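User: I should like to learn how to read the sheets and contacts of a protein structure. May we work through one together?

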Amino acid sequence: RKESSAASDVYKRQGLTITADSGSKTYGQSLVLAGYSVDGLLNSDAVSSVALGSNGASATANVGGYAITVSNADGTGLSNYDITYVDGVLSIGKAGLTITANDARSNIGQIAVLNGHTAEGLLNGDAIDSVVLRTEGDDAGARPGRYAIHAGDAQGARLGNYDIRYRPGTLDIVGVWPEQARQVAREVAANLPALAVIPLAEPST
């Protein structure tokens, strides 16, 4: 019995650990999984390939953390090993997105109509459903001048994958209030030189 036990110890498999490399990427990028490390190989044994996979490898994968699985090692002398596979971690970060309020122009006394927004950085067919636009010059009582149009609170199904930056637009309100126009007219009239009155000549006899 002792001899049998000793023989089984001789043929006991060596432990081998294969670990998938961790990685990172930005939303919208694809990632080719290729890295792994091996610990425990002996003699001239070698690992020539493994199968790597991750639900986060595609360009459409949402921001977050995903496992990188490793399996099915192939190589030389691997039947002599008891193989343990260890997952890696794939981290996906947010992509940059800039939303800019469009410029607008309005006449004095009118309610300003804001002209929407433009977006730069959308990926994978993602879309913005709505953006809130605010300005102090959008009511009919706003004085002539230039006002900032602020964009914010963008809504969309996949906008959680973006680091959003908002840029303001400009609203120009032009024109003159009626009372201002009348005051200007009065001031112009007051500064005009007096007209000289020339009497008509007496008819000749």
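Analyst: The following turns discuss two sheets and one residue of this predicted model.

User: What is the order of the strands in the open sheet of 4 strands, and which pairing does the sheet have?

Analyst: A sheet is read strand by strand, from one side to the other. Here the order is E2-E7-E5-E4, and the pairing is mixed. Strand E2 (23-26) and strand E4 (46-53) stand at the edges; each has a single partner strand, so one side of each is left without a neighbour in the sheet. From one strand to the next, the twist averages 30 degrees.

User: How many bridges join strand E5 to strand E7, and do the strands run parallel or antiparallel?

Analyst: Strand E5 (residues 64-76) and strand E7 (residues 88-93) run antiparallel and are joined by 5 bridges. Within this pair, Gly64 stands opposite Ile92 in E7.

User: What is the strand order in the open sheet of 3 strands?

Analyst: That sheet has the order E10-E8-E13, again with mixed pairing. Its edges are strand E10 (117-120) and strand E13 (162-167), each with a single partner strand, so one side of each lacks a neighbour in the sheet. Neighbouring strands are turned by 20 degrees against each other on average, direction ignored. Strand E8 (residues 95-101) runs parallel to E13, with 6 bridges between them, and Leu97 stands opposite Ile164 in E13.

User: Which residues does Asp172 touch, not counting those up to four places away in sequence?

Analyst: Asp172, found in strand E14 (residues 169-174), touches Ala104, Arg105, Ser106, Gly145 and Arg146. With Arg146, the side chain of Asp172 makes a polar contact of 2.7 Å.

How values were computed:
Residues numbered from 1 in each chain as written. Predicted model: local features only at pLDDT ≥ 70, side-chain atom pairs only at ≥ 80, totals over all residues. Heavy atoms only, no water. Pairing = 2+ DSSP bridges. Helix = DSSP H or I, 4+ residues; strand = E, 2+ residues; numbered from the N terminus. Axes fitted to C-alpha atoms, helices over the stretch in contact; angles between N-to-C directions. Polar contact = N/O pair within 3.5 Å; in protein donor to acceptor, adjacent residues only side chain to side chain. Contact = heavy atoms within 4.5 Å.
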